[in-house]
Amino acid sequence: MERLQKIIAERGFCSRRKAEEYILQGLVWVNGKKVKELGTKVSEKDEIIINHTLLEGKEKKEYYLFYKPSKVISSVKDEKQRKTVVDFIPTKKRIYPIGRLDYDTTGLLLLTNDGELSHYLTHPKNNIEKVYVAKINGILTPQEIQTLKKGIEVEKRMIFPTKIKQKITSSSHAMVTIGITEGRNHIVKKIFAQMGYRVLTLKRESYAFLTLDGLKVGEYRPLTFKEVKKLYAQKNCFK
Ligand code: URA
């Protein structure tokens with residue numbers, strides 16, 4: 001027997017937190033009975049219906065590392081019919097991206113139908129390093145680099161970059177490599193905006209120990225069993 005919200009998340013229907021919301025809203029039925037208690041235990045055999053949708057049985061998990069191109073949406077569907085990241089991966093499984101990259105951001109994005117892994121990796125307290133390369137419309141002064149290294153406040157929360165490296169590419173532009181452990185939307189652009197710079201291009205080069213090695217833009221590869229195991233071990237990095 002497992003907690004209802006855990007089973008819902010494990011089967012990839014949604015995150016555990018969202019499942020808790022559905023339960024509290026009275027949208028979850030187990031064997032024909034509405035369940036509103038979060039601690040309810042269920043077994044693999046129980047029939048679970050969420051918001052009129054039957055929860056399917058345990059499905060095989062799939063994990064992909066994708067080199068996202070620009071002008072692609074990091075979601076499963078887009079109401080404006082634009083291309084989404086799942087369009088690039090031919091699978092019958094209901095995979096979705098772990099976190100998001102902006103429409104114009106390129107780089108490493110993980111996709112899976114494993115709700116539990118997705119939940120761990122996107123937990124606000126996670127401590128997983130993501131490294132980005134940002135082309136900015138200016139050149140950081142040595143003082144600004146120091147400020148960034150010491151930590152910068154964005155929207156009332158401190159960010160402590162794990163690395164900062166600048167390569168000056170012209171008299172008015174630089175490429176800045178920045179490592180961060182948090183996952184707020186548009187966070188890299190917000191960091192540079194706070195310092196008075198605009199991000200002209202942005203690429204995510206790595207996610208934890210994973211890199212884009214061997215992939216071209218628009219290509220993907222399945223993660224190995226070892227890599228998935230190692231990603232699961234990252235949850236021990238919670239602060
Ligand atoms: N930070 C951003 O500003 N954009 C992204 O796509 C990812 C991180």
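Strands here are DSSP runs of E with at least two residues, numbered from the N terminus. With that in hand, welcome to a predicted model whose ligand occupies the largest pocket. The protein covers the ligand across 97% of the 240 Å² of accessible area that the ligand has on its own. Two residues with positive phi, E155 and A208, are worth a look too.

**Who surrounds the ligand**
- The shell around the ligand is made up of L101, D102, T105, Y132, H186, I187, V188, K189 and L202.
- By residue class, this shell splits into 5 nonpolar, 2 polar and 2 charged members.
- Helix α5, spanning residues 187-194, supplies the largest share of the shell, with 3 residues.
- Two domains take part: domain 2 (63-124 + 210-232) and domain 3 (129-207) each give at least three residues to the shell.

**Polar contacts from the backbone**
- For D102, a backbone N or O atom sits 2.7 Å from an oxygen atom of the ligand.
- H186 also places a backbone N or O atom by a ligand oxygen atom, here at 3.2 Å.
- I187 has a polar backbone atom 3.3 Å from a nitrogen atom of the ligand.
- The pairs of D102, H186 and I187 can be read against a cut-off of 3.5 Å between N or O atoms for a polar contact.

**Backbone angles to check**
- Most residues other than glycine have a negative phi.
- E155 goes the other way, with a positive phi near 45°.
- Its place in the chain is the loop that joins β11 (152-154) and β12 (157-159).
- A208, likewise not a glycine, has a positive phi of about 55°.
- This residue, A208, belongs to the loop between β15 (199-207) and β16 (210-211).

How values were computed:
Residues numbered from 1 in each chain as written. Predicted model: local features only at pLDDT ≥ 70, side-chain atom pairs only at ≥ 80, totals over all residues. Heavy atoms only, no water. Near = heavy atom within 4 Å. Polar contact = N/O pair within 3.5 Å; in protein donor to acceptor, adjacent residues only side chain to side chain. Areas by Shrake-Rupley, 256 points an atom, 1.4 Å probe, with all protein chains shown as cover. 1 Å grid on protein atoms, 1.4 Å probe; cavity = no way out; pocket = protein on both sides within 12 Å on 5 of 7 lines; lining within 4 Å. Sits in = over half its atoms within 2 Å of the grid points. Helix = DSSP H or I, 4+ residues; strand = E, 2+ residues; numbered from the N terminus. Nonpolar A, V, L, I, M, F, W, Y, C, P; charged D, E, K, R; others polar. Domains from an automatic or database assignment.
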